[in-house]
There are 2 protein chains.
Amino acid sequence: MSVVVGQAPLLIKVHPLDNVAIVANDGGLPAGTTLPGGLALVEAVPQGHKVALVDFAPGDAVMRYNVVVGYAAQALPRGSWVNERVTTMPTAPELDDKLPIATRKGEALPPLEGYTFEGYRNADGTVGTRNILAISTTVQCVQGVVEHAVRRIREEMLPRYPNVDDVVGIEHTYGCGVAIDAPGAAVPIRTLHNISRNPNFGGTTMVVSLGCEKLQPDRLLAPRAIPIRAGEGMPGADAVETIVLQDEANVGFQSMIDSIMQTAERHLQKLNARKRETCPISDLVVGVQCGGSDAFSGVTANPALGFAVDLLVRGGAAVMFSENTEVRDGIDQLTARAATPEVAEALVREMAWYDAYLERGRADRSANTTPGNKKGGLSNIVEKAMGSIVKSGTTPITGVLSPGDRLAQKGLIFAATPASDFICGTLQLAAGMTLHVFTTGRGTPYGLAQVPVVKVATRSDLARRWHDLMDVNAGRIATGEATIEDVGWELFHLMLDVASGRKQTCAEKLKLHNALALFNPGPVT
Amino acid sequence: MSVVVGQAPLLIKVHPLDNVAIVANDGGLPAGTTLPGGLALVEAVPQGHKVALVDFAPGDAVMRYNVVVGYAAQALPRGSWVNERVTTMPTAPELDDKLPIATRKGEALPPLEGYTFEGYRNADGTVGTRNILAISTTVQCVQGVVEHAVRRIREEMLPRYPNVDDVVGIEHTYGCGVAIDAPGAAVPIRTLHNISRNPNFGGTTMVVSLGCEKLQPDRLLAPRAIPIRAGEGMPGADAVETIVLQDEANVGFQSMIDSIMQTAERHLQKLNARKRETCPISDLVVGVQCGGSDAFSGVTANPALGFAVDLLVRGGAAVMFSENTEVRDGIDQLTARAATPEVAEALVREMAWYDAYLERGRADRSANTTPGNKKGGLSNIVEKAMGSIVKSGTTPITGVLSPGDRLAQKGLIFAATPASDFICGTLQLAAGMTLHVFTTGRGTPYGLAQVPVVKVATRSDLARRWHDLMDVNAGRIATGEATIEDVGWELFHLMLDVASGRKQTCAEKLKLHNALALFNPGPVT
Ligand SMILES: [Ca+2]
Ligand SMILES: [Ca+2]
Ligand SMILES: [Ca+2]
Ligand SMILES: [Ca+2]
Ligand SMILES: [Ca+2]
C-alpha cells in the first residue's frame, strides 16, 4: 500500500495494481483538488470514497485490493468519483466448479523465528494465556446459583490463589427448552463442550448441572470425557467433577453454594500450581474479527492485522479468521488461496451450509450490509468483503473449521461463523482461541471474560476519544504517521505481551466482558 | 381426583374414568406390593409413574385426565408399570375444521370481590408490583459498560432512593449481527420494546445504545415512543432518554459511565416519588408457567395454581398461560374453551405458526420432553400437555397474544410462547406481567430481576429439601394433608402479599436472577 501525503490531500491505494484510491481527508476533497502526481479531481469526493486513478471505459474492471470490486457503468475519466451509482456489482460467485481451487501459488513467506511468549502449558500440549477457573453449566436454570457462587469464590477464595487470574461461569441460554435432537443442535452442544476445554482453563473441568435438563452432563461432555489430570494430594481430582443441584445431597441453597465452592477449591489448588513458561509463538491460537467497520477498516486496521497475522503464521501459530457473510462474496479469493483442493471444498461446503441456513430464515447475506457502509464509501458487499478478508493476511488457507468445532492444526484457518461479534467470539473460544484481536471503526467496548481481547481502532479520532478502550491506533496509517508494517509489528509485539500476561488489554483493565452468545441453528421449544 | 392413602402405598387417580394411577410414595413401590382394593404390582414402579388399573390389550387406550395419553404397545396386565417403552404416543390433533370451537359453555364462575393489593399505579393506568429502574439496551455491545454502571448505581445511588427496589440492565444478545429485516425479526424487536414498557419500571425509560448497531434506538422504541411523564422539577424528563456510547460527547470509559449515572439519577428521582396504593386485583397481570415438570405437576401444583388462576380471573385480573409445545396436543381442549370463535381461530393460528417454525428446524413438539420428565413418570408430550394445561384453571379463554406482544385486556389469556422457562418468562414480561408463578417438580432456582417469581413445588420432598428456594409446597395434596382448594387459596394469598411487597419470594431474598432470553425465529448473520 502506498500512502500519498500532501499538505491537504491524503489518498490511500491498497495494492500497486489498484486503479482506484481512497480519500482519507476529513470531510473529503473538493473538485479541482490537485493530487500528488498531478491528477486533478473532476468532482468532489467524500472521505472514504474512491477516486479513479486511470481513465475507465464502460465495462472496465474497478480494481481494489487487487480484486475486481465492480465494473465501470460509464466512462469515468481520471479524477472521477467512483461510487455505487457509476459502477455495477460483480455477481456473487456461484458455489460451483468454476471457482478457482488452490490456484494462488505465491512464493511462500519465510519462517519467522526467535519470538516467544510466556504461557501456561497444559498436559495435552495446549498453552493458555490466562489461568482461569471456568465453571461450565449445562443449562441456564443454574445461572443464578452459579453467579452467586462465582461472586463468593472471587471474593473469598481467589485471594488465596494468587496465580489464578479469575473465576468465570460459562453461562448461556442453551441446555433445555430447545430441540436437542434437531439437526442444528450439534452446533451449540459441541460449542459448549469445546469451550469447557479452552486452554485458558488449564484442563480442569467442573460442571454445574440442574439435573432434569435436556443437555445432561454426559451429553455436554461427549464425545469424549475431559480427564482432569490427578494432582498431588488431590483425591477425586482424576475425573470431571459435576455438581447436580437436584442431587439429594443438596439441601437448600447454601448447600448448593457449598458444593460448588468445595469443588472449586480443589480446582483452584490445581490451577494455582500452574506456572508460565517460555513457549514458541507456534503455541498461540489467535482469533481475529472485526465489528462496527467503517471505510478505513479495510485500509488501516485490517491490513495491519493482516500483516501481524502473516507474522504469526510464519512463526507457526494457528490464526482463525471468520464471519461467513463478510467473506461469502470473496469466496473465489478464498478458494484460490486454499492450500489444497480439500481446503477449498471445505470452504465451499461451509458457505453452502450458511446460504441454506439464511434461506430457511428468508434472509440472505445482504442482511449484513448497512446504509452506513455505502455512505462510508463501500460501494457494495464485494468491496466490504475485501476489506474484511484483508485481515487474514496473505498466507495460504490451510484449514477450515465448522461452527463449534475445536481447532487441531496450525496455520491460517477459516473458522466458519456468523459475523455477530459475540457469536463469532464464542465460536472462536470453542475452537481453542487464547487471544482475540478485534478491529473496529465506529468503536465497541467489546470484551470476553475467557480470553484477552486486543482492540484496534481504524481511525485516530476514535483512538483518541476512546483512549482507555482502544489498545492500538491503526488510524496513523491513513495520515502517513505510520506504515501498515509499523502498526503490524506493534500489534504483533502487543499480542505477545498480552499473551504473556505482561500487559493487560483495555477491556481486562476495566473488567468489561460480554456474555457468550451461542449459535443455535435449531429451534427453541 | 381421588387420593388413596394407605400405610404404605399411595396412588393418585386424577379422573374417575382413568385406567392408570400414579404412585405417590417416595422411592416408588416394589414388585408384589398389594394396593388398596387388592391389586398387586407385577413389577416395581417408581414414584410418579403409572400403574395399570386394568388389563390392557395391545392398542388399548391409556386414559389419564380422562384423555387418551397413549396406547398400549403390548399386553399390560393389571399392576404393570405403564411407561414410554410399553406405550405409543397419540397423534396430535390436526389444525382443521374438526376442532371444537368455543363449545364448552360451562356455567360461569361468580365474580370474586373484596380482594386488593398494594401496587404502584402508573400514569397509563397499569400497576406495578415492584419499583425498578430499568436500563434498556439496543445491542449486546454495550453490556459490559451497562453492567459496570448498574453496579455503581446500585452501590452508590440506590441507598439515597429508598423507595426504589432495584436497578436492572435489560441485557440481551440481539440488536446487531442478526437478519433484522427477516420475517422473524419482528418478534425480538417488539419483545424488547414492550419489556421497556413493563409496569414495574414506572413508565420511565432510559436506553443505552452503541451507535452503529442495526437496532437503532428509534427502531427499538417504534412503533410509538414511550413518553416519560414530566415530573416536578425534572427538566428534560419529558422524553425517552438515550445514551449513545459512540457520541462525540463521550470521551473515554468514565465519561460513558458518568452519562449513564447522570441520566439514572433523574429517573431515580422520579421513581422514588412513586407510592404504593390499594388496587383491585383486576390490576394484576400474572404469568404462569411450569418447568422441570414431573408426574405430580399435573395432580398437585398445577391444579392448585389452576384454582388460584380461577380466583384471579373471577376477580377481574389478567392471567397468561403459555408454552406452545405443552398445549399443542391439547389444542382441541383449548379451542373448546375459547370464549369466542375468534379466540379459537387465534389459538389455531398461533399453533400453526409454531408447527411451521419447528418444521423449518426439522423438529416437532416431541422435542419438548426432557430426560427429567420421563424419569419423573411423564411418558410423552401428550401426558405432559394435559398436566400443563390444568394450571390455566377452568374459565373460558378470552384472548390470545402473539410472542412479544403487549397484553391489553383482562381475563384468561393464552400468550403463545416456547416452553423454555427463560424465553417464556421473557415474553410474558414483554406482555406486561408483574407477577410470575412457576410450578416445578424436579426443582429449579429460577428467578427474574424484573418481577417476583413465586415457585410452587409439586412434591413435599422437594419442598423440604429446597426449603429456601420453594415458596409453596403443593406436595401436601398428594399425601392428603391439604386439598387443591387449600393450596390454591394459600397461593392466591401469597400472590397478593408478594404483589404488595409485604413478602419477598425465595428468589428475591436470595437475589437469584436468570438472564432474559429472547425468542428470535430469524437467522443470525
Ligand atoms: Ca466483521
Ligand atoms: Ca464481527
Ligand atoms: Ca429490593
Ligand atoms: Ca412447562
Ligand atoms: Ca416452561
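## The calcium site

Let's start with the metal: the calcium ion (ligand 1) is held by C290(A) through both its O and SG atoms, by an OE atom of E323(A), and by two OE contacts from E326(A), at 2.4 to 2.7 Å. This is a predicted model, so please read the geometry here and below in that light. Along the sequence, the donor residues of this calcium ion (ligand 1) follow the spacing C-x32-E-x2-E.

C290(A) also serves a second ion: C290(A) bridges the calcium ion (ligand 1) and the calcium ion (ligand 2), and the two ions are 3.5 Å apart. As for the glutamates, E323(A) and E326(A) are both buried.

## How the two chains are related

A turn of 177° with a shift of 0.6 Å along the axis lays chain B on chain A, with an RMSD of 1.6 Å. Such an operation is the relation of a two-fold axis. Within chain B, R360(B) has the C-alpha nearest the axis, at 4.0 Å from it.

The contact surfaces tell a matching story. Of the interface residues of chain B, 93% are also interface residues in chain A, so the copies meet through the same surface.

## The interface

How many residues does each chain bring to the contact? Chain B contributes 67 residues and chain A contributes 66 residues. About 5,100 Å² is buried between chain B and chain A, and carbon and sulfur atoms give 61% of that area. On the chain B side, the residues that lose the most area to chain A are R465(B), V524(B) and T525(B), which together make up 13% of what that side buries.

If you are looking for charged pairs, the rule finds one salt bridge across the interface of chain B and chain A. E248(B) forms a salt bridge with R465(A), with 3.9 Å between the closest N and O atoms.

## Helix α1 of chain B

Helix α1 of chain B runs over residues 143–157, a stretch of 15 residues. From first C-alpha to last, this helix reaches 20 Å, close to the 21 Å expected at 1.5 Å a residue.

Which residues of α1(B) are buried? They are Q143(B), G144(B), V145(B), V146(B), H148(B), A149(B), V150(B), I153(B) and M157(B). The elements of chain B that cover these buried residues include the strands β11 (132–137), β12 (166–170) and β13 (206–209), along with helix α4 (253–272).

Key
Residues numbered from 1 in each chain as written. Chains lettered and ligands numbered in written order. Predicted model: local features only at pLDDT ≥ 70, side-chain atom pairs only at ≥ 80, totals over all residues. Heavy atoms only, no water. Donors = N, O, S within 2.8 Å, 3.2 Å for Na, K, Ca; no water. Buried < 20%, exposed > 50% of the residue type's maximum accessible area, 1.4 Å probe, protein only. Least-squares fit on C-alpha atoms with pLDDT ≥ 70 in both. Contact = heavy atoms within 4.5 Å. Helix = DSSP H or I, 4+ residues; strand = E, 2+ residues; numbered from the N terminus. Expected span 1.5 Å × (residues − 1). Buried area = accessible area lost by both parts, 1.4 Å probe. Salt bridge = Lys/Arg side-chain N within 4 Å of Asp/Glu carboxyl O.
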